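Biologist: Before I plan anything, I would like to go through this model piece by piece. Please show it.

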Amino acid sequence: MATFLNDVSRTFGEYLLIPGLTTKQCIPSNISLKTPLIKHSISESPAIELNIPFVSAIMQSVSGPELAIELARNGGLSFIFGSQPVETQSEMVRKVKKFKAGFVISDSNLTPEHTLMDVIQLVDKTGHSTIGVTHDGTSNGKLIGLVTSRDFRREKDPLDMKVSEFMTPFSKLVVGHTGISLSEANQIIWDNKLNTLPVIDKDQNLVNFVFRKDYNNRRSNPDELSDETKKLLVGAGINTRDYKDRVPALAESGVDVLCIDSSDGYSEWQHETIQWIKSNYNIPVGGGNIVDAEGFRYLVSAGADFVKVGIGGGSICITREQKGIGRGQATALIDVVKERENYIKETGIYIPICSDGGIVHDYHMTLALAMGADFLMMGRYFARFDESPTKVLRIGNNYMKEYWGEGSNRAQNWQRYDSGGPEVLKFEEGVESYVPYAGKMKDNLAITLGKIKSTMCSCGSININELQANAKITLVSSTSIVEGGTHDVVLKDQG
């Protein structure tokens, strides 16, 4: 006979937080949103921590390199979508790792014998305005000079003019030398009013560049998620089919963390994939998705560094409708968190939990964190921004962006819904849609994070650990849900 669970499958919208004592310490500027990304001993700090509890969904319409860069600059992390060739995914990861490294390897280089036409073509191709002039045109050749947009005029200078005629020669450059620290390099830039500082070795070979704009960006993004070399952190999604080809390429590109992208992570394929990665690479890997204690234990036994919770709760997901499997996101999260607590008592190891799906309103984010999630994976939220891969479209009188599920025919990501059979998408588990265009990520994140911090202040908590330990959560009736919105009034015309 089937096992019947007595608890009702509930969503975040069925709960509210009860205010706690707001002390004088509980002000937004004192709130820390740091949270662990990967497993660690409870007596030690995690090797990777997020500065805000957000990661972007492993989706074609969400997690490209531009969004990954901007999210990392604001404290979160993206998982570059895996439903694409290994080579293109690896190149996307590489692009993120190159974007902000403090010391940047030059990938725009020419020789003194090249022409202005070559310069213009290179600038148009790469978008970079600084070109290293080396004896052989490579990124580590002997530095001869530098070309920037101030050295030529596209409209007036002859296109066949050689680079040697208009570049800033080495003799006039201010340079740093191998071994210089980033703070020392930035001080040289500041003292000499430079935009770019070339760093060279003892033989005058170009090693890398340090840019003033990176220092300015760092100051305007204090929560930036980067490693000790100032490279942004980035993740990548993988599947349980081609991981033996995909993971080595992603490792070579510098990926910081992996996540298996599956609609149902409670499988032997996922167990084998995690174990293979743990045996062959020193790269953290998360597993999922699961919705109960048994699924959590299974993935943890394989070595998962975090576990992703949620089946069928995404706004474009129709898995529950098509297959009748899943669980209300709040109930699934509560169940898995309880099992995580049991695991901590047994082992002293903390396994971070990622809540994936079910977020409708911003306050649901704080509820999910209070219920025990360490971070949230979101698709629709990020798909609305300038930095997501899709174009802004005008639909009627509104500006929108396209958003489609990985289980849709458009994505053709059959690996995410793999049941071990023929390599085809048997039926759709996702839809195509539009989401209202919202503008820049940074502006929207500021509002969302402001709401989370304000709610935490009302709950008397200044960090996520305190919120999870002290939060009081209540179920609400359908009537009280109506009461929580505007009612019994005639709203003024906002137009």
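Biologist: Which residue in S23 is the bridge partner of Lys401?

Modeller: This is a predicted model, so the pairing is computed from its atoms. Strand S22, residues 398-404, pairs with S23 in the antiparallel sense over 5 bridges. In S23, the partner of Lys401 is Val435.

Biologist: Which strands stand at the edges of that sheet?

Modeller: The sheet is open and antiparallel, with 3 strands in the order S21-S22-S23. A strand with a single partner has one side left without a neighbour in the sheet, so the edges are S21 (392-395) and S23 (432-436).

Biologist: How many degrees does the twist average from one strand to the next?

Modeller: The strands concerned follow the order S21-S22-S23. From one to the next, the twist averages 50 degrees.

Biologist: Is Tyr399 buried, partly exposed or exposed?

Modeller: Tyr399 lies in strand S22 and joins Val392 and Tyr437 in a nonpolar surface patch of about 270 Å² accessible area together. Buried would need under 20% relative accessible area and exposed over 50%. At 47%, Tyr399 is therefore partly exposed.

Biologist: What distance separates the end C-alpha atoms of helix H11, and what span is expected?

Modeller: H11 covers residues 329-347, which is 19 residues. At 1.5 Å a residue the helix should span 27 Å, and the distance between its end C-alpha atoms agrees: 27 Å.

Biologist: Which residue just after H11 takes a positive phi?

Modeller: Helix H11 ends at residue 347. Just after H11, the phi is about 75 degrees, and the residue is Gly348.

Technical notes: Residues are numbered from 1 along each chain as its sequence is written. This is a predicted model: local features need pLDDT of at least 70, side-chain atom pairs count only at pLDDT 80 or more; totals for chains, interfaces and linings use all residues. Side-chain values use heavy atoms; hydrogens and water are left out. Two strands pair if DSSP finds at least two bridges between them. Helices (H or I, at least four residues) and strands (E, at least two) are DSSP runs, numbered from the N terminus. Axes are lines fitted to C-alpha atoms, for helices over the stretch in contact, and angles run from 0 to 180 degrees between N-to-C directions. Patches are made of residues with over 30% relative accessible area and no salt bridge: like charges are joined within 9 Å, nonpolar side chains (Val, Leu, Ile, Met, Phe, Trp, Tyr) within 5 Å. Accessible areas come from the Shrake-Rupley method with a 1.4 Å probe; for residues, only the protein chains shown count as cover. A salt bridge is a side-chain nitrogen of Lys or Arg within 4 Å of a carboxyl oxygen of Asp or Glu. Buried means under 20% relative accessible area, exposed over 50%, partly exposed in between (1.4 Å probe, protein chains only). The expected span of a helix is 1.5 Å times one less than its number of residues.
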